[in-house]
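Work through the exercises below with the structure in view. Try each task before reading its solution.

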Amino acid sequence: GFIKMYDQKRKEPFSRLELNKLQQVIKKFATSLEGSISHLKYKNELKEKTAFATELDKRKSFLQSVNSFAATLLSHNSLKEIARRVTDSAIHQFGFEDCIVYLVDEKSQSLWQAAAFGSKDTGDHQVANPLVIPIGQGIVGSVALTGKPELIGDTSKDPRYIVDDEIRYSELAVPILSEGK
C-alpha cells in the first residue's frame, strides 16, 4: 500500500529530512501491521487447532461409548439387562438428563419402554408406567419406521411429540438396528 499526504498551505516541496522521518514512521507502522497480521494468523490457527482437538475429544468419547456398548452386549444375555446398560452408558458418556430404550414388538408392531434412566426409572431396574407406542407414531415411532435418527430442538413445535411422564423440549431419537431392522 501507500500513504499520500497533502499540505494546502505549503508552497515548497517536502524536504529530504521530512521524507526520511515519514519513511521511518511508515516502517514502524508497517512492522506493527505485520506483527498484528501475524498475531491474527496465529490466533486463527490456534482456534482451528483447538476446534480440531475438541473434535478429536468428541470422537474419542464416542468411540469409548461404542466400545462400552459393545462390551455390554457381549457380557449380558437378557435384552432388558442390555437395554439397562445402554441407558446407563448413554447418560454417563453424553451427560443427558434421562434416556429410554424402546424395544420392538414385531407382533403388535409397537415399541415398548424396556429400560430407563432418569425420572422413569423406578430404581429397581423397572420402567415406571411404561409407554407403548405404535411404530410410525410419535417421534420415536417415526424413527423406528424410517430407521433414520432425528434431533428435535423444540418438541412443542412438532405435532408428533408424545408426552410421557413430563414434557421435554428437546428429543434425540436414534434407531438401534440389527440385521437391517
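**Exercise 1.** Place Leu151 in its strand, then decide: is Leu151 buried or exposed?

*Solution.* Step one: Leu151 lies in strand β4, residues 150-152. Strands (E, at least two residues) and helices (H or I, at least four) are DSSP runs, numbered from the N terminus. Step two: the relative accessible area of Leu151 is 65%. Buried means under 20%, exposed over 50%, and partly exposed in between (1.4 Å probe, protein chains only). Therefore Leu151 is exposed.

Before going on, note the ground rules. This is a predicted model, where local features need pLDDT of at least 70, side-chain atom pairs count only at pLDDT 80 or more, and totals for chains, interfaces and linings use all residues. Residues are numbered from 1 along each chain as its sequence is written, and side-chain values use heavy atoms, without hydrogens and water.

**Exercise 2.** Locate Ser142 and decide: is Ser142 buried or exposed?

*Solution.* Step one: look in helix α3, residues 138-146, for Ser142. Step two: its relative accessible area is 10%, so Ser142 is buried.

**Exercise 3.** Which residues is Ser142 in contact with, leaving aside neighbours within four places in sequence?

*Solution.* Step one: look for heavy atoms within 4.5 Å, the cut-off for contact. Step two: list the partners of Ser142, which are Gly136, Gln137, Glu150 and Arg160.

**Exercise 4.** How many helices and strands does the protein chain have?

*Solution.* Step one: read the elements from the N terminus as α-α-β-β-β-α-β-β. Step two: count 3 helices and 5 strands.
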